[in-house]
Amino acid sequence: MPDFDDPDLALLRDSARRLTDDVLRPSAARWDRDCEPPLENLPHLARAGLTGITVAEEYGGSGADVVYALTAIEELAKGCTATAAFVLTNCVSAEVLQAFGSAEQKRKYLPPLAAGEWVGAWAMTEPEAGSAATELRTRAVADGGDYVLNGSKVFITRAAIAAFFVAFARIGDEPGAKGVTAFVVDRGTPGLRIGAHDRHMGLRGGASAEVVFEDCRVPADSMLVAPGQFGQLMRGLNQARVLNPGMCLGIAGEALGLATRYAQTRRQFGREIGRFQGIQWMLADMACKVEAMRLLVYRAAGQIAAGHPDGPHNAAIAKAFAGENAFEVVDRAMQIHGGYGYSSELPLERMLRDVRAFKIGGGSTEIMRNRIAKGLFDRFPV
Ligand SMILES: Cc1cc2nc3c(=O)[nH]c(=O)nc-3n(C[C@H](O)[C@H](O)[C@H](O)COP(=O)(O)OP(=O)(O)OC[C@H]3O[C@@H](n4cnc5c(N)ncnc54)[C@H](O)[C@@H]3O)c2cc1C
């Protein structure tokens, strides 16, 4: 378990908190209302070293591990989920590039990512292949020294603004994971088209859209994950599994703070509503959930940073728990705020719409439960 009082983590937490208070929280409602990605916030994140927090120092990053990224994301998500998500997706791009990329790919993509000049997108989900990612149908056919990609992707966060896409495609006729590969495809490559923009319930600053490959020709050296490496990729890429519940933790922590303050000031029946036991117990249950979430998420992050074999299993537990309980905490906070909580004058209705996404995106709660059960069967064989 990471030491929450570690002075370096405390410094990072304080600086992310200041950025959240000064920059993120005041404009969060605007990005949501206008369905615009918070690009103005990228230079602030970059100056704080957060766009490249897990990028190696030789590529201009901070070279920190996932516990640091989680600490920053928890604070940023309290103010603006869409901005915190920039850090999350940059960490995912950095993780795959650092684990699988060639020297050339690292030199090309990591420095602008760390500088906040480029953002990447993860283009895996397809209309017919969501949870079952290994059933994806986008094809990559070798042609001379190139590959030609055809297929379409849906729900791709940041597709509308990404400078490059980690695009998954199938090579050859091998079914399942074996034939799956990934290419880094630059925006502007002929044959890559951004399709319909998504009209999501929440995370409206996510710039999410469909991505279509129509005879999209890419050089062979843009291959990032070779055939046969997909299983290794899925086992090895663990940061998103704790950063995603880290977003839930931040949102739930914010909701708890808002509700606790409101309960001490809102008066009904001649007293503050926080003096009613019904409200106190709601707050107490919310606090239990937030603290349990924090311990689960940070323990998993610490294990993943240390390469502990239990990390992925505990990350699945953290994600399943955080996704469901963060939604409940925000819902309770809304209840404590009564009609004002339901109004878009307050941030809670946006937070509720945003947090709902985390039970689906990045692996649904059901898929997490499947993983947890498999881990249990492996641990307790008969
Ligand atoms: C906000 C958001 C952002 C996203 N960003 C990206 C992105 O950047 N890149 C990307 O590639 N994708 C992205 N996605 C897509 C996301 O990964 C998929 O939505 C997710 O994997 C589920 O796939 P699906 O929507 O096709 O649902 P399906 O897989 O069709 O699932 C439908 C329902 O069935 C359940 N289910 C499926 N299989 C099982 C099973 N074996 N056991 C029990 N239940 C099961 C699911 O849990 C779900 O409840 C995003 C999605 C959201 C909501």
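## Exercises on a predicted model

The shell around the ligand takes at least three residues from each of domain 2 (121–226) and domain 3 (238–379). Keep in mind that this is a predicted model.

**Exercise 1.** Work out which residues surround the ligand and which elements they come from.

*Solution.* Start with the residues: there are 18 around the ligand, and G130, S131, G361, S364 and E366 come nearest. Next, look for elements that give two or more residues to this shell: you'll find strand 1 (120–123), strand 3 (146–156) and helix 12 (365–379). Helix 12 has the largest share, with three residues. Finally, sort the shell by type: nine residues are nonpolar, eight are polar and one is charged.

**Exercise 2.** Decide how helix 8 and helix 9 run relative to each other: roughly parallel or roughly antiparallel?

*Solution.* First, get the geometry: the axes of helix 8 (residues 277–306) and helix 9 (residues 311–336) come within 8 Å and cross at roughly 155 degrees. Then apply the cut-off: angles over 145 degrees count as roughly antiparallel. So helix 8 and helix 9 are roughly antiparallel to each other. As for handedness, helix 8 passes helix 9 in a left-handed crossing. Their contact is made up of 18 nonpolar, five polar and four charged residues.

**Exercise 3.** Describe the side of domain 1 that touches domain 3.

*Solution.* Begin with the counts: 22 residues of domain 1 are in contact with 21 residues of domain 3. On the domain 1 side, helix 1 (7–34), helix 3 (66–79) and helix 4 (81–100) each give two or more residues. Helix 3 gives the most, with 10 residues. To finish, sort this side by type: 14 nonpolar, two polar and six charged.

Terms used: Residues numbered from 1 in each chain as written. Predicted model: local features only at pLDDT ≥ 70, side-chain atom pairs only at ≥ 80, totals over all residues. Near = placed C-beta within 6 Å. Helix = DSSP H or I, 4+ residues; strand = E, 2+ residues; numbered from the N terminus. Nonpolar A, V, L, I, M, F, W, Y, C, P; charged D, E, K, R; others polar. Domains from an automatic or database assignment. Axes fitted to C-alpha atoms, helices over the stretch in contact; angles between N-to-C directions. Parallel < 35°, antiparallel > 145°, perpendicular 65-115°, else oblique. Left-handed = near helix turned anticlockwise from the far one by under 90°. Contact = placed C-beta atoms within 7 Å.
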